[in-house]
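I opened the file today to look up a few local features. My notes are below, in the order I checked them.

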Amino acid sequence: MQINKSVGTMEITTVSHCSVMCTFCPQITLKKAYGNNEKIMSLYSFSKFLLKIPKNVDIHFSGYSEPWLNPEATDMLELSLLNNYNVAIYTTLYGMNIDNAKKVIDLCEKYEKQIKILVLHLQDKNKNMLGLKITEEYKEILRLFIDFKNKNLLKDFQIMTMDKDNNFDQEILEIVDKTTFNFKAISRAGNLKGEKTEYVISPKHSEPIYCGKTPYYNQNVLMPNGDVALCCMDYGLQHVVGNLNNQEYWELFETKGMQEVRKNNMLNEYSNKTICRNCEWAMPLKDFSTQIKHF
């Protein structure tokens, strides 16, 4: 079964729990749902998973955690580029050392046509990144990336905070003077709990819906143990649609879990059977014909 020739996405969660602990990120929900499964993705496991992912599927270093909390993340990036995948990088830079940073930048220069986007997610004045420590090494790494950004080699290089007014932490302001990414808080399909829920109200869709990101449900998240979750909103791992240890990529879209998502999203009623019912990206099916040209 081939769902479509359009590009899909596989987001790589290199570690199962993120110590950056952003206030807008449901890490406690993720940790509880994932349990005692393999915590860190090995380079060997990643290489096996990559063999199963088609070349027209983009590899995103993002997922549910900071990619460079895994010491082999740079090698994973290099392996993806060497194998001709298009890549996106979303990072706080936390977990990198100077050598990692220089190699990542060298790879971005060498394979710039394959880097679809690089986003730096930096500390804001309200310190919403609770676990991030701004050390002298961290600031030196940030300077390296800002110098690289100023070369304008990448087609898309963005900088963001989690502050609605895009205000940086004072130490970051010494290095970076502006953002290029407007942050908007979302509920993570109802998974965001605690104090930050005051900023967002999770929708409750009660008509047939489809995913506004991809009607093919092919923007998925790979966990360290090979599990593939439906999408980047599924921090509670409600929809684990398969596992690349024992399935091929295209089989993910034929599993019972994936079929249940599609079926329940076609119902003319609200239910908690899919996270899509509470997702900001869900769209009314009646609008599908006018939106399909964008996919």
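These entries cover one aspartate, one helix and some aromatic pairs.

Entry 1, aspartate 163. I noted at the outset that this is a predicted model. I located aspartate 163 in the loop that runs from strand E5 (157-160) to helix H6 (170-173). I then asked whether aspartate 163 is buried or exposed. Aspartate 163 is buried, and I found no salt bridge for it. The nearest side chain of opposite charge belongs to lysine 125, 5.4 Å away. A salt bridge needs a side-chain nitrogen of Lys or Arg within 4 Å of a carboxyl oxygen, so lysine 125 at 5.4 Å does not form one with aspartate 163.

I next looked for the polar partners of aspartate 163. Its side chain makes a polar contact of 2.9 Å with the side chain of asparagine 126. The side chain of aspartate 163 also reaches a backbone atom, the nitrogen of asparagine 167, at 3.3 Å. Leaving out residues up to four places away in sequence, I listed Asp124, Lys125, Asn126 and Phe183 as the residues that aspartate 163 touches.

Entry 2, helix H3. I wanted to know which residues of helix H3 (residues 73-82) are buried. The list is Ala73, Thr74, Met76, Leu77, Ser80 and Leu81. These residues lie on the same side of H3, because they cover an arc of only 160° around the axis. I then checked what the buried residues of H3 pack against. The helices are H2 (43-52) and H4 (98-110), and the strands are E2 (57-61), E3 (87-91) and E4 (115-121). Just after H3, I noted that asparagine 84 has a positive phi of about 70°.

Entry 3, aromatic pairs. I recorded a count of 8 aromatic pairs. One of them is phenylalanine 46 with phenylalanine 61, a tilted pair at 6.1 Å centre to centre with 45° between the planes. This pair links distant parts of the chain, since phenylalanine 46 sits in helix H2 and phenylalanine 61 in strand E2, 15 residues apart. Phenylalanine 46 is buried at 1% relative accessible area, and phenylalanine 61 is buried at 0%.

I also looked at phenylalanine 148 and phenylalanine 157. Their ring centres are 6.1 Å apart and their planes are at 55°, so this pair is tilted. Phenylalanine 148 is buried at 2% relative accessibility, and phenylalanine 157 is buried at 10%.

Last, I asked which residues ring pairs link into a cluster with Phe46. The cluster is Phe46, Phe61 and Trp68.

How values were computed:
Residues are numbered from 1 along each chain as its sequence is written. This is a predicted model: local features need pLDDT of at least 70, side-chain atom pairs count only at pLDDT 80 or more; totals for chains, interfaces and linings use all residues. Side-chain values use heavy atoms; hydrogens and water are left out. Helices (H or I, at least four residues) and strands (E, at least two) are DSSP runs, numbered from the N terminus. Buried means under 20% relative accessible area, exposed over 50%, partly exposed in between (1.4 Å probe, protein chains only). Lys and Arg count as positive and Asp and Glu as negative; His and the chain ends are not counted. A polar contact is a pair of N or O atoms within 3.5 Å; within protein, one must be able to donate a hydrogen and the other to accept it, and residues adjacent in sequence count only if both atoms are side-chain atoms. Contact means heavy atoms within 4.5 Å. The arc is that of the directions from the helix axis to the C-beta atoms. Rings of Phe, Tyr and Trp (its six-membered ring) pair if their centres lie within 6.5 Å; planes under 30 degrees apart count as stacked, over 60 as edge-to-face and the rest as tilted.
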